[in-house]
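Morning, everyone. I have one chain to go through today, and I will keep it short.

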Amino acid sequence: PVRPTFCYRDGPGQQRRAPGMPADKVSEYNMDGSERIAELLRERFSGDWRELLAEIQVGFVLFLVLSSLEALEAWKGLVALLCSSGSLMRQKPDDMAEFVRVLRRQLEHVPADFFRDEISSANFLGPALSNLVEEAAAAWDSASNIESDVESEIHTVGAATGGAALLRTRVARLSSLLDQRFGLQLEQ
């Protein structure tokens, strides 16, 4: 049998404390997955966001088609980590919007009783998605509240707001899918 190996399962992103991290930063490191995602991108994916998304997609397909537990665990870990990455949503809303698009497409392929099934009803995904919606709303609020007195910064502000608007739109589409297909309602 072939046993897939995933980048996330061992190494960067899995640690609960980065080497040399002061104690006062440990909680933030564990509550917001942004720094762990940055480590993972840097150390395993050569900084390429598309490779990270490809790992998520391969994990999901192997789980769905072959019922691979290893693939499911890798997919769950990456999805949960990305859903908790509030700082990343504010810093790179376009990348996070692409992740949300991929996640929505994936959830279109799981059974309609996925969140009601005895095995998966108490799973990680409901809380992770609630966190995603919350963090995306905070990213939108942050981008909307940017004010600039310098005229040359208008383009930067517009780009930041545009990425956050795309993220907000995609999260709204994901929330709509969750409500219509699974009966799962998330606060927006």
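I will start with the overall make-up and then turn to one helix and two serines.

What you are looking at is a predicted model. The secondary structure amounts to eight helices and zero strands, so, reading along the sequence, there is not much to spell out: α-α-α-α-α-α-α-α. The chain has 188 residues, and 44% of them are buried. Its accessible surface is about 10,500 Å², with 50% of that belonging to carbon and sulfur atoms. As for contacts, take those between residues at least 6 apart in sequence: 68% of them join residues at least 24 apart.

Now the helix. H2 covers residues 34-44, and its buried residues are Ser34, Arg36, Ile37, Glu39, Leu40 and Leu41.

After H2 comes Ser46, in the loop that leads to helix H3, residues 49-66. What is the sign of phi at Ser46? It is positive, about 50°, and Ser46 is not a glycine. For background, most residues other than glycine have a negative phi. Is Ser46 buried or exposed? Ser46 is exposed, at a relative accessible area of 69%.

The second serine is Ser67, in the loop between H3 and helix H4, which runs 69-83. Phi at Ser67 is also positive, near 55°, again in a residue other than glycine. Ser67 is exposed, with a relative accessible area of 60%.

To recap, Ser46 has a positive phi and is exposed; Ser67 has a positive phi and is exposed. That is what I have.

Terms used: Residues numbered from 1 in each chain as written. Predicted model: local features only at pLDDT ≥ 70, side-chain atom pairs only at ≥ 80, totals over all residues. Heavy atoms only, no water. Buried < 20%, exposed > 50% of the residue type's maximum accessible area, 1.4 Å probe, protein only. Helix = DSSP H or I, 4+ residues; strand = E, 2+ residues; numbered from the N terminus. Contact = heavy atoms within 4.5 Å. Areas by Shrake-Rupley, 256 points an atom, 1.4 Å probe, with all protein chains shown as cover.
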